[in-house]
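I opened my notebook to work through one model. My plan was to look at the backbone, then the sheet, then the core.

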Amino acid sequence: MRWNNLYVAGLGSYLPPQVETAEEAVAAGRYDSRESVTNGIRQVRVADDTETGPVMAARAGREAVRRAGLEGGGIDLVLHAYVGHQGQELWTPASYVQAETVGGNAPAIEIRQGSNGGLAAVETAASHLAARPDAGAALVTTGDAFRLPYFDRWSSDRQQPHGDGAGALVLSSRAGFARVLSSASYSAPALEPLYRGAAWTDAPFHDGKPVELGNRQHAFLMREENSYEQVGEQIGEGSRTVLDRALADAGIALDDAQFFIHPNVAESVVEYSFYQYGLGVDRSRTVYDWAQDFGHMGAGDEIIGLHHLVESRRPRPGDLAIAMGVGAGFVWTVLVLEFLDVPHW
């Protein structure tokens, strides 16, 4: 979809100060030393007991709203995306984020699409603003804290150590420092069982053991002799399809973009999926070297990465950035942005 009059007006993030390194996790017996080398994630941030996903998301959201100049009102939609437990069962974290950031009576809605949730929320917000001429801006937040005993950040998903953190983005139909040129989403539901596993459960944390995603993935990949190759081909096809659509709608080629932001997953996966063996992305145009000190932050990798990119003052007016997310399901979303100026913050 090519967008007109759609802008990024504000960005925010919150990264807890406490750090846990891969070396510490290996020494504690929580992380395999060979996986540590292959995955390439050096350390992650760890939230304290008071810093749940929504609490961190609200902090990032306030920063984004302030930078967009909308503290006095003007947010017409709040979307909150996340992956893990949000600090309480059977409640509405999106409404908490709204109350702690902008208040008001606009809709507040959760987006649950795994690691692609942040970018899926941005595209959903874009559709909302485009369909309602009187709607001026939307706030998108993400927030996740991965805690034992429910989730082990170092071993519950063997290919991607999980770090805690939150991101926020204000999308505006009126003004901003970056213009949204296009977005595209694509799904491959045939891959949904990869993260589901073979057995249903009655409730979260039903057996009192940390989530184990590796066993689910192994069972799905071993069901047929060539399942691994088929899954790899389907994931590659989905990635290429969604990227090609977004680039075509924006009227640019991949090499035209100065920056490319992708999920903070294992280095082996990144090399295969995005760099020399995958899409052909130039690693020097990414923020992955920085991301290796933060790990996979649930639904927020791309928004937090974009925030880091802008705060590092690397983009210049006229520069192009591509943000690409992917989440279990499988669902991909790509955004193409053009920087109009360097924000004062």
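**Entry 1: cis peptide bonds**

I began with F330, which sits in the loop between β10 and β11 (331-339). This is a predicted model, so I read each angle as a computed value. The peptide bond from G329 to F330 is cis. Its omega is near -20°. I then looked for another case and found L148 and P149, joined by a cis peptide bond with omega about 10°. P149 belongs to the loop between β6 and β7 (165-172). I noted these because most peptide bonds are trans.

**Entry 2: positive phi**

Next I checked phi. Most residues other than glycine have a negative value. N5 is not a glycine, yet its phi is positive, about 55°. I located N5 in the segment before β1 (7-14). R313 also has a positive phi, near 60°. I found R313 in the loop between α11 (301-311) and β10. Is R313 buried, partly exposed or exposed? I looked up its relative accessible area, which is 43%, so R313 counts as partly exposed.

**Entry 3: the sheet**

I traced the strands across the sheet. Nine of them form an open sheet with mixed pairing. I wrote down the order: β5-β4-β6-β7-β1-β8-β11-β10-β9. Which strands are at the edges? They are β5 (108-111) and β9 (259-261), and each pairs on one side only. Neighbouring strands are turned against each other by 25° on average, direction ignored.

I reminded myself that strands of a sheet pair through backbone hydrogen bonds, either parallel or antiparallel. Then I looked at one edge. β9 pairs with β10 (residues 320-327) in the parallel sense, over three bridges. There I saw F259 opposite A321 of β10.

At the other edge I looked for a helix. Helix α4 (residues 93-101) lies across β4 (78-81), β5 and β6 (137-144). It runs at about 130° to β5.

**Entry 4: the cores**

Last, I turned to the nonpolar cores. The largest has 80 residues. Which members touch the most others? They are V8, L11, L171, L306, I322 and F339. Helix α5 (residues 117-131) gives the most to this core, with seven residues.

A second, separate core has 19 residues. I listed A9, V65, I75 and V78 among them.

I went back to V8 and left out residues up to four places away in sequence. V8 then touches L169, V170, L171, G176, F177, A178, V180 and L337.

Notes:
Residues are numbered from 1 along each chain as its sequence is written. This is a predicted model: local features need pLDDT of at least 70, side-chain atom pairs count only at pLDDT 80 or more; totals for chains, interfaces and linings use all residues. Side-chain values use heavy atoms; hydrogens and water are left out. Two strands pair if DSSP finds at least two bridges between them. Helices (H or I, at least four residues) and strands (E, at least two) are DSSP runs, numbered from the N terminus. Axes are lines fitted to C-alpha atoms, for helices over the stretch in contact, and angles run from 0 to 180 degrees between N-to-C directions. Contact means heavy atoms within 4.5 Å. A nonpolar core is a set of buried Ala, Val, Leu, Ile, Met, Phe, Trp, Tyr and Cys residues joined through side-chain atoms within 4.5 Å. Buried means under 20% relative accessible area, exposed over 50%, partly exposed in between (1.4 Å probe, protein chains only).
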